[in-house]
Amino acid sequence: MENFHDLALRRRSIRRYTDEPISADDVKLILEAGLLAPTSKSSRSWQFVCVDDPDMLTRLADCKPMGAAPIARCKLAIVVAGNPELSDPWVEDASIAAAFMQLQAEDLGLGSCWIQVRGRFTSEGIPSEEYVQEQLGMPGELPVVCILTFGHKDEVRREVDPSKLLWERVHIGKWTPRD
């Protein structure tokens with residue numbers, strides 16, 4: 001990594017992946033990044049389920065009717081869940097871990113995409129969280145926040161243009177209404 005700013009500018013959601021496998025060392029580094037993520041009161045309320053079986057990836061892609069297709073095309077998906085019994089801000093804990101994993105993937109030159117699960121529904125109206133839990137044999141008390149997809153990039157996305165950052169949404173000292 002050159003520096004964090006460059007990494008943040010470069011990281012974009014990647015939805016198309018090559019057939020090249022992800023090395024075991026890279027998978028370990030991605031998971032370590034999630035395990036290193038800070039949590040409220042060091043609760044470590046997250047749980048991760050790694051999936052690389054193509055049939056299961058295809059089934060998981062049915063967790064919602066729109067936006068989940070990259071799951072079926074990736075080489076690795078990590079289901080990110082949290083335990084509300086361990087931490088009141090379990091959603092935040094799980095989300096920070098997911099973001100750390102995505103940043104680690106980018107640093108390795110891999111693509112990733114956040115697939116929202118929490119609060120979504122299958123085409124049959126089943127809560128997406130329940131669908132994913134059932135597919136993977138997960139306990140109901142571990143709600144799923146998202147599924148992260150990973151793979152070698154098969155698309156090119158431009159870096160974020162820093163001149164287009166929304167600085168007007170930053171307020172210093174107190175809220176300042178903008179016209």
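Trainee: Let me start with pairing: which residue in E2 is the bridge partner of Gln-47?

Mentor: In E2, Gln-47 has Ala-81 as its bridge partner. Two strands count as paired if DSSP finds at least two bridges between them, and the strands (E, at least two residues) and helices (H or I, at least four) are DSSP runs numbered from the N terminus. Before we go on: this is a predicted model, where local features need pLDDT of at least 70 and side-chain atom pairs count only at pLDDT 80 or more, while totals for chains, interfaces and linings use all residues. Residues are numbered from 1 along each chain as its sequence is written, and side-chain values use heavy atoms, with hydrogens and water left out.

Trainee: How many bridges link E1 and E2, and in which sense do they pair?

Mentor: Strands E1 and E2 are antiparallel, with 6 bridges. E2 (residues 76-82) is also joined to E4 by 6 bridges, again running antiparallel. Ala-81 has Val-144 as its partner in E4, and Leu-76 is matched there with Phe-150. E4 pairs with E3 (residues 110-116) too, in the antiparallel sense over 7 bridges; Cys-113 and Thr-149 are bridge partners in that pair.

Trainee: How do I read the two faces of a strand such as E2?

Mentor: In a regular strand the side chains alternate between the two faces of the sheet. In E2, Leu-76, Ile-78, Val-80 and Gly-82 point one way, while Ala-77, Val-79 and Ala-81 point the other, and all are buried (under 20% relative accessible area; exposed is over 50%, partly exposed in between, with a 1.4 Å probe and protein chains only). Because 7 of its 7 residues are buried, E2 is largely enclosed by the rest of the structure.

Trainee: Why is E4 called largely enclosed?

Mentor: The reasoning is the one we used for E2: 9 of the 9 residues of E4 (residues 144-152) are buried, so this strand is largely enclosed by the rest of the structure.

Trainee: Which residues have the most contacts inside the largest nonpolar core?

Mentor: A nonpolar core is a set of buried Ala, Val, Leu, Ile, Met, Phe, Trp, Tyr and Cys residues joined through side-chain atoms within 4.5 Å. The largest one here has 23 residues, and those with the most contacts inside it are Leu-60, Cys-63, Ile-71, Val-79, Val-132, Val-144 and Ile-147. Helix H3 (54-60), helix H6 (128-136) and strands E2, E3 and E4 each supply at least two residues of this core. Another core, of 22 residues, lies apart from it, with Val-27, Ala-37, Leu-76 and Val-145 among its members.

Trainee: What does Ile-71 touch?

Mentor: Contact means heavy atoms within 4.5 Å. Setting aside neighbours within four places in sequence, Ile-71 is in contact with Leu-57, Leu-60, Ala-61, Cys-63, Ile-115, Ile-147 and Thr-149.

Trainee: Where is Glu-155 found, and what does its side chain reach?

Mentor: Glu-155 sits in the segment after E4 and is buried at 15% relative accessible area. A polar atom of its side chain lies 2.6 Å from the backbone nitrogen of Arg-15, and the side chain reaches the backbone nitrogen of Arg-16 at 3.0 Å. Not counting residues up to four places away in sequence, Glu-155 touches Ile-14, Arg-15 and Arg-16.

Trainee: Is Thr-122 buried or exposed?

Mentor: Thr-122, in the loop between E3 and H6, counts as buried at 5% relative accessibility. Beyond neighbours within four places in sequence, its contacts are Asp-62, Cys-63, Lys-64, Pro-65, Ser-128 and Tyr-131.

Trainee: What should I look for in the phi of Lys-41?

Mentor: Look at the sign: most residues other than glycine have a negative phi. Lys-41 is not a glycine, yet has a positive phi of about 55°. Ser-42 also has a positive value, near 50°. Lys-41 lies in the loop between helix H2 (24-36) and strand E1 (46-51) and is exposed at 82%; Ser-42 is found in the loop between H2 and E1 and is partly exposed, with a relative accessible area of 47%.

Trainee: And the whole chain: how many helices and strands does it have?

Mentor: There are 6 helices and 4 strands, following the pattern α-α-β-α-α-β-α-β-α-β along the sequence. Of the 179 residues, 40% are buried. Of the contacts with a separation of 6 or more, 78% link residues 24 or more positions apart.

Conventions
A polar contact is a pair of N or O atoms within 3.5 Å; within protein, one must be able to donate a hydrogen and the other to accept it, and residues adjacent in sequence count only if both atoms are side-chain atoms.
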